[in-house]
Amino acid sequence: MIRITFPDGAVREYQAGITAMDIARSISEGLARKVLAAKVNGQVLDSTRPIEEDASISLLTWDDADGKSTFWHSSAHLMAEAVESLYPGVKFWVGPPVERGFYYDMDLGDRTISEEQLKELEIKIAELAKKNSPYERRLIPKAEAVAYFTEKGDEYKLDLLGGLTDGQITFYHQGNFTDLCRGPHIPHTGLIKALKLTNIAGAYWKGDEKNKQLTRIYGVSFPNQKELDEYLQMLEEAKKRDHRKLGKELGIFAFDDDVGPGLPLWLPNGTVIIEELEKLAKETELAAGYKRVVTPHIAKESMYITSGHLPYYQDSMFPPMELDGVKYYLKAMNCPHHHKIFANDQKSYKDLPLRLAEYGTCYRYEQSGELFGLMRVRCLHMNDAHIYCSKEQFATEFRAVNDMYLKYFSIFGIDKYVMRLSLHDPAKLGQKYINEPELWIQTEEMVRQVLIASNIPFIEVPDEGAFYGPKIDVQIWSTIGREFTLATNQVDFAQGKRFKLEFTNKDNQAETPLIIHRAPLGTHERFIGFLLEHYAGKFPLWLAPVQVKILPISDKFTDYSLEVLRQLKNADIRAEIDDRSEKIGRKIRDTEMLKVPYMFVIGEKEIAENKVSVRKQGKGDAGAINLTEIISTLKKEIIERQ
Ligand SMILES: [Zn+2]
Ligand SMILES: [Zn+2]
């Protein structure tokens, strides 16, 4: 008998050689139908692999990230089977899962695949899926594998085989298709109930443009049709809400060739949003006892050697500039500058916690192929802060940081979020992780307890912590259900030592502070990109670049319009007059296109009664309202950030 430990800590005994699928079946048939693969002692394996020794296992379903990627990778095999049946002689390179779906790179010889043919391919895939063909694993000697692909004339798989040592070769076989693959895969093709081929593109073999161009077919698949339909609808909606498209239409940001790729220019409308976000952050941080600092955008090489950014992070930094024989680097992170502020004078326990905040401008070298609108840029403005505290203060400080996240989520209407708590692996202490076994266990447990106490949904990921402490990635979903990684919180017990940061504790001893890195609003670039999609450009009143558009029906009403404008400005409401000699219907339509939250229409009747006719974005006509009254309603909406 062997002992199987489940994720909740429960232990059950089974016959040696049992499979994860059998274990699932011993729990319930319903569960067995959903199992896609299993994590056995941390390794994702086929659910049909026999387990010979005591092990900890978790059964992976569609709800697990590893379950999904196994599903998508298996779908790539299924697609390859369909391609081979329609295009005999095709040769395959690799077919990995991606963030959403999968692709397979292939050499079709001189054939091409049209949009029309992609549809035929989808039909073939559906037909093959219905055969419920099991994915079968076979261990074979390397010589046999080489013989198989030599016979097939597939130089790509032979190239892959060349990099493998003998004794480790596995083939996977389903239906009429055999592939060289280390797995794992789902139990059978019948689980793939809905599949869509999303794109076809060229891809150089091994990503090298000197090599032959292969055909890459992208697809995405789901365990039911409903989820595929929802996904396609979400994509359609995301296209309409694309932050690059909206950013241009609404005058938020722009790029210029002479400024350089990945360096966004914030236009006046975008800058209003930036300033409102900073105002929110400053108010919130002030109330939470933070102190603001300002630091230069560059620093000497020596500081980045101390911090360890050089050489470990060098690839992500802009190249240095030399001045008086000394190298200077643009900062990629604000932490080292803040540590120097901590070290500026003697600190005692009475100075802690010290919370230093700065909307810091950082520069990172992203490959030009990786640049993407505001999501991947080379210049970023970060809602950064570093909290220096003692071990005793840590839990309270970390809890306060989480509360700040929750406050922001509620302001921005972010209902769905999850924190990924990345932990260390005790076996890798001193190599991948700083060798402080007790601190690791202590802080991980403190973080875990705070997350539980704050009622924040979170998942734990072993062996993904940062070098210097546990890491908490915050993932959020926009209203249309697209996922964004907003920010990372880190607990750090290494930088303090590297920078020789100390405070005198109550026992008059020198002690190194713990450091919390946090950036709840992430960077302006990514957060505003997210907000553009989240709100579809229809910003709430407090964030809207133009809050009220005054629309006089004719230029006879200019004087009253100017008086309305004056009163709005006095109340700190951002307003503009549309004084074009256009028909009122046209003015309303144009203002709607600009997604301005409120329109005040002004004509004879409104002037006589000292009113304005109010139209609210998305709600239409709200009738004529007394000017003083509507201004105070708007003020309240702005102050409360509704
Ligand atoms: Zn595979
Ligand atoms: Zn930091």
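Start at Gln174. Beyond its neighbours within four places in sequence, Gln174 is in contact with His77, Leu78, Glu81, Ser133, Pro134, Tyr135 and Thr189. The model is a predicted one. Gln174 sits in strand E12, which covers residues 170-174. Its relative accessible area is 0%, so Gln174 is buried. One of its contacts can be pinned to a specific atom: the Gln174 side chain reaches the backbone oxygen of His77 at 3.2 Å.

His77 leads on to a metal. Through NE2, His77 is one of the protein donors of the zinc ion (ligand 1). The other donors are His73 (NE2), Cys181 (SG) and His185 (NE2), and the donors lie 1.9 to 2.1 Å from the ion. Along the sequence, these donor residues follow the spacing H-x3-H-x103-C-x3-H.

What arrangement do the 4 donor atoms make around the zinc ion (ligand 1)? It is tetrahedral, because the angles they subtend run from 90 to 126°, and the criterion for four donors is that all angles lie between 85 and 135 degrees. Two of the donor residues can be placed by accessibility. Cys181 has 15% relative accessibility and therefore counts as buried. His185 is buried too, at 1%.

Now turn to the zinc ion (ligand 2). Cys335 (SG), His386 (NE2) and His517 (ND1) coordinate this ion at 2.1 to 2.3 Å. Their spacing along the chain is C-x50-H-x130-H. Cys335 lies in helix H12 (residues 335-342) and His386 in strand E23 (residues 379-389), so this pair ties together parts 51 residues apart in sequence. Both Cys335 and His386 are buried.

Definitions and conventions
Residues numbered from 1 in each chain as written. Chains lettered and ligands numbered in written order. Predicted model: local features only at pLDDT ≥ 70, side-chain atom pairs only at ≥ 80, totals over all residues. Heavy atoms only, no water. Donors = N, O, S within 2.8 Å, 3.2 Å for Na, K, Ca; no water. Tetrahedral: all angles 85-135°; square planar, octahedral: opposite > 155°, others 65-115°. Buried < 20%, exposed > 50% of the residue type's maximum accessible area, 1.4 Å probe, protein only. Helix = DSSP H or I, 4+ residues; strand = E, 2+ residues; numbered from the N terminus. Polar contact = N/O pair within 3.5 Å; in protein donor to acceptor, adjacent residues only side chain to side chain. Contact = heavy atoms within 4.5 Å.
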